[in-house]
Amino acid sequence: MPPSLPFIRLVHRNLRKYRFKIGLSITIAILVLSLISQYIAPYPREGLGYVPVGEENRRLLHPSPQHLFGTDTLGRDLFSRVIMASRSAIIQAFSVVFLSLIIGLIVGVLAAYFKGLVELVLNYLTELFMAIPSIVIALFFRLTLEAGFHVVIISLVTTWWAWYARITYVYAKGVVELDYVVLAKLSGLSSAKIIMRHVVGVIIQPILVQAISDLGSALLEASGINFMGLGLPPGYPDWGVILYEGISEMGIMAFTRTPWLVFYPGLFILLTTLGFTLLADPLREDLDPRLRRRWKLWF
Amino acid sequence: MPVSLNYIFKRIILSILVVIGVIVFSYILLLYTPGDPAVKWAGNPRGPEARKAIEMARRELGLDQPIHVQIAQFIYHVFTGNLGLSIAYKVPVSQVITSGFTATLELLVFAYLLAVPLGLWLGIYSALRRGSRFDSFIQSLSVVLASMPTFWLGAIIALISYSTTGFLPYGRVSYKLAASTGFNPITGFYLLDALIQGNYAVFLDALLRIIPPALAISVYPIGVVARVSRTLVAEALLEDYVRTAVAWGVRRNTIIKHFVLKSIIPPVIQISGLAFVYSIVDAMVVESLVFGREGLGSILLDSLHKADFRVTIALAIYLTIFYILVNTIVDIIQASIDPRVKI
Amino acid sequence: MVLAVRAGGISIGYIDEEEEYIVWAVRGVDLAIEEGDAFCLVGESGSGKTTFASAIAGILPPHAVTRGKLYIFDRLAIDESTWNFNGLRGRVVSYIPQNPGTSLSPFLTVEDHFYYVLRDTLRYDREKSRKAAMEALLKVGLDRGVLEDYPHELSGGMQQRVLIAIALASNAKIIVADEPTSAIDANLRASVLQLLGRLNREYRVTLLLVTHDLASTSIVCNRLAVMLAGKIVETGRTISVLRNPQHPYTKMLLDCVPLLGVKKPLKPLPGEPIQVVEDKAICPFRERCPRAIDKCVEEPPLKPVGDEENHYVKCWRLTGVESG
Amino acid sequence: MDSILELQRVTAGYKSIKGFKSLIKRVEIVLRDISFTVEKGERVAIIGESGSGKTTILRVILGLLKPISGKVLIYGKDLYSLPSDQKLQILRRIGYVPQDPYRSLNPVLKIKYIVGEPLEAVGVEWRHIEERASEVLKIVGLPQSIINDTAEELSGGMRQRVLIARAIIAEPEILVLDEPTSALDVSIQAQIINLLNSIYNTFKVTMITVTHDLGVAQYLADRLIILKSGKIVEEGSVDEVLRNPKSEYTKSLITSYLQITGINSLNNIKIRG
């Protein structure tokens, strides 16, 4: 049985919940936006970073019907830029979490299943990479590589996989000693099958839920790196980059004189992150039977 | 019961191994990423002095020696804080880093002294009033807080504090004021220094400037700690020992104080530690770009702009070591208050 | 005789997660326990015995609902849907939990446990509670050395004794023991049960012992009640019930206990213990009963058995409505 | 009769990871110098309380823990000196029923996959596995309808039956039972005891039961091996041991058991018959 079936059931069970619905709507909205933004953006080329002709006259325009979110320091339409940046957000959040999850899952399960030296070495590596702040990796790449998605994604994945390796390890450790694993070993089932069926199949749900809720953190961290100017190149449609440009170009007084430059991209980051959190929270509660019970102060 | 020395010993050994691993990793990155390591180390120098500078960098790194000697040397230099002169500032790298660290650490500690107790209180309080309006408010609030991009929030806080008071919380302290009152930082933690020297004008000034960025930074830990402690209290209330204590006639307040809270403190410390290291990056972003405070963030940006490679590398390494240090300390504290950890 | 516990038509149920329906665990139980009795509540899982015991101990979870009345020493503890155990918990009724491993806080020493219990029930200070603790520990056969220990440093048997000592220390008149032996080794069970029996006799504590093991009741209890699907199906003096079981369920339970050295085939009836029965008045054992008759679709009344004192059974076949 | 399982002077334990000395390898000995033989078709019970080493004996027999010294012979072959494929061959002839039915079934797997796993591992086709699975389910008295359910909904007794079905599906010659009834209700315990004995009679397996419960052992074994802190203190037929216990420990076990069931002495009771 594919291990994802219980997960689909879990999602289905939670569809009724209010919070889950909001989270799902936000997530779907951002996903759809990331797909269609280049068709609905009023100035798609400006959204991608093209500086319009006669930009001097269009710099820092206040929000208006022509420019819903105003224009930026180079006279580009902020609305186009912000909605087109949803794609960059989705790409970064999903690829970071997905890649880290895959690597972490493999490392964590192997460390828990094969004891001895394998466990020792993999756990050391996990501990090692967990100890490195992603900003440090981003720094190194910034010094040596061209700016781009790969910088953000690699530097985040380098540290994030260790996080999944650790939680997978903890969950898997609790499972590998259980009798169904022993039974499967005794009947001579291959290790690959045991791992997939009795370890991954059993622990995957809470880890997937964690991954969903981490999508938000990944986005926040990626935006932070872009905001520092360490990741994507200037002009790229990304909320972190837009914020960075807004604040660094206008100096420290940016938000007092041109608040729209700061407000809209940040709002989108907040909304997207919130969407992921709201999506994951009900699932998490559902999975933890202790949280499901009512536990108001009864004595 | 004292935590066994053995656990601390093992934890420290592991941490040292990790630190060494990180240094080796950074050195390998330095050597094997595109470009001549000596040129990088010298900060991509141009002009007549370039050859000399590169030659010196080559000697400093010992590039003519076998790789294991180079690494050993590099590790030695890291531990003795001897990574040469900063190209941009013309002072020892260690000095640059230390000044940045104290500034950022001051901000972080200040923020966490605010955030952890507040988050803990909110979490416990809402857990004890589950289902109340207060609880659902705190629950929604903590979700929003944890989803907030810190730099954005910092900008908004700065905007608000400017538009309400007309005072921009820029920098760490007014240098004019500091100079006129003869303020003399010793530890580098301005708040502490001012207090020790009885320089209340500077203290107040520094305090006013630290509060807005600290608020921005504390939002994430408040959200996290509140959420976690609410869940922990809720779970603790379901424990068999709470049920049994109720049946024995132990009063509600005693149960909450001695049976429930004692059990949630170690995990809360753990979570706060994790959040703390996460917040370092937050602090670096906010302090430099939003609030214009000098600190690790401004050093990082500076070193990047000025191609001060030594500072960048040193910053990366020491930041990582600090990360590990915090993690280790948190683990040890957590282990020493949990009577069950004895290994 | 003073009645320690008097239950009048008490029903206890739990609201399910979605608040859609109530699962009734105890369904209309009438019961009287006299002061000084050692009373056993016997039943398999799902019989409602633990729910009933926690109602008396005052630890019904927040999603429980109640009907009927429960008096403890003439104080109304449960009055239809409301309950109030203030002043009863710890002082009148104390409790020995099922699982010693999780029933002591891992963050408190044994002495702290005693202190918080005695401070809150009897207003003892540290000094006095320490003294009382040592006395109580002596009664259960532990020495004072365990006072400084944390629970995880004690073995399962010792933890169970500590729990008993704490339950004793506040001088409660009733002690509710919920399967106190199910989590400990077979050869320690006898000594714990004997200890409970001794406490009942020597200190005049009323004992309510919840157990799934019908055979073991004889060393502790003078009276027992057999529960099935939330109802009492047979009750009486222990000897009388064990020697002369009337209800087919009680008989089956006795037939299923392996007796050492006695070669007798174990005769379980097919089927599982009945967990939830829709709230109709039928005999809960009807499905499994080999002697079921048509009349068993109605719920039989609790009828006295012959001339045995206090021996009652809930079965149509007793009243002589014999057929096929 | 041939001996099917033999332990020769087995000493076993676990690597200790406690203390500074862990830098030097240290081993905590749990079993000391254990020797016994199980004949083909026998029913043997190993009795011990927690900490007596009975779980360790199980691990040694099941090939999960290499003894420090001594040999484990199954069908006369030294289990731990065999190459791993031959070891697996031998282990496949053992059916194992673990202790806790609530933690022994994969919660996300359908019953047919759980029960059929031993056959799947040797490469039997799914068509046959499913057929065979419904056969063994019938033997252990479970309805066919549960074959596509997961274990989550099942009661303890049903879970135990599923585990027994899984243990017998590959027609093993040895059945190893770890506390087969300790987590179950009294009436279900009796059902399982009767089921195990009928399986013993039908399939002529060798049955090894590990338990702390003398009463259960009496029904599931003809011979008792009594274990205390890693050593065998007494061994003999059920009648012999119960009527005439030689060691003090066995006596105290019997006395406390009798006290629980309210019988004062064995003297006036006829044993076995």
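**Reading a sheet, a helix and an interface**

Tutor: Start with chain C of this predicted model. Its open sheet has 8 strands with mixed pairing, in the order β7-β8-β9-β3-β10-β11-β13-β12. Strands (E, at least two residues) and helices (H or I, at least four) are DSSP runs, numbered from the N terminus. Two strands pair if DSSP finds at least two bridges between them.

Student: Which strands stand at the edges?

Tutor: β7 (93-96) and β12 (303-304) of chain C do; each has a single partner strand, so one side of each lacks a neighbour in the sheet.

Student: In which sense does β7(C) pair with β8(C), and over how many bridges?

Tutor: The sense is parallel, over 4 bridges, and β8(C) covers residues 174-178. Tyr95(C) stands opposite Val176(C) in β8(C).

Student: What conventions apply to the numbers?

Tutor: Residues count from 1 along each chain as its sequence is written, while chains are lettered from A and ligands numbered from 1 in the order written. Local features need pLDDT of at least 70, side-chain atom pairs count only at pLDDT 80 or more, totals for chains, interfaces and linings use all residues, and side-chain values use heavy atoms, without hydrogens and water.

Student: How many residues of helix α1(C) are buried?

Tutor: Buried means under 20% relative accessible area, exposed over 50%, partly exposed in between (1.4 Å probe, protein chains only). In α1(C), residues 49-57, 8 of the 9 residues are buried. Among them are Lys49(C), Phe52(C) and Ile56(C). Just after α1(C), Gly58(C) takes a positive phi of about 80 degrees.

Student: How is the size of an interface given?

Tutor: It is often given as the accessible area lost when the parts come together. Here that buried area is summed over both parts (1.4 Å probe). Chain B and chain C bury about 2,400 Å² between them, 61% of it on carbon and sulfur atoms. Arg243(B), Ala247(B) and Trp248(B) supply 29% of the area that chain B buries against chain C, more than any other three residues.

Student: How many residues does each chain give to the contact?

Tutor: With contact as heavy atoms within 4.5 Å, chain B gives 21 residues and chain C gives 31.

Student: How many salt bridges cross the interface of chain B and chain C?

Tutor: The rule (a side-chain nitrogen of Lys or Arg within 4 Å of a carboxyl oxygen of Asp or Glu) finds 0 between chain B and chain C. On the side of chain B that touches chain C, α11 (240-247) and α12 (252-290) of chain B are the elements that give two or more residues.

Technical notes:
Buried area is the accessible area (1.4 Å probe) that two parts lose on being put together, summed over both.
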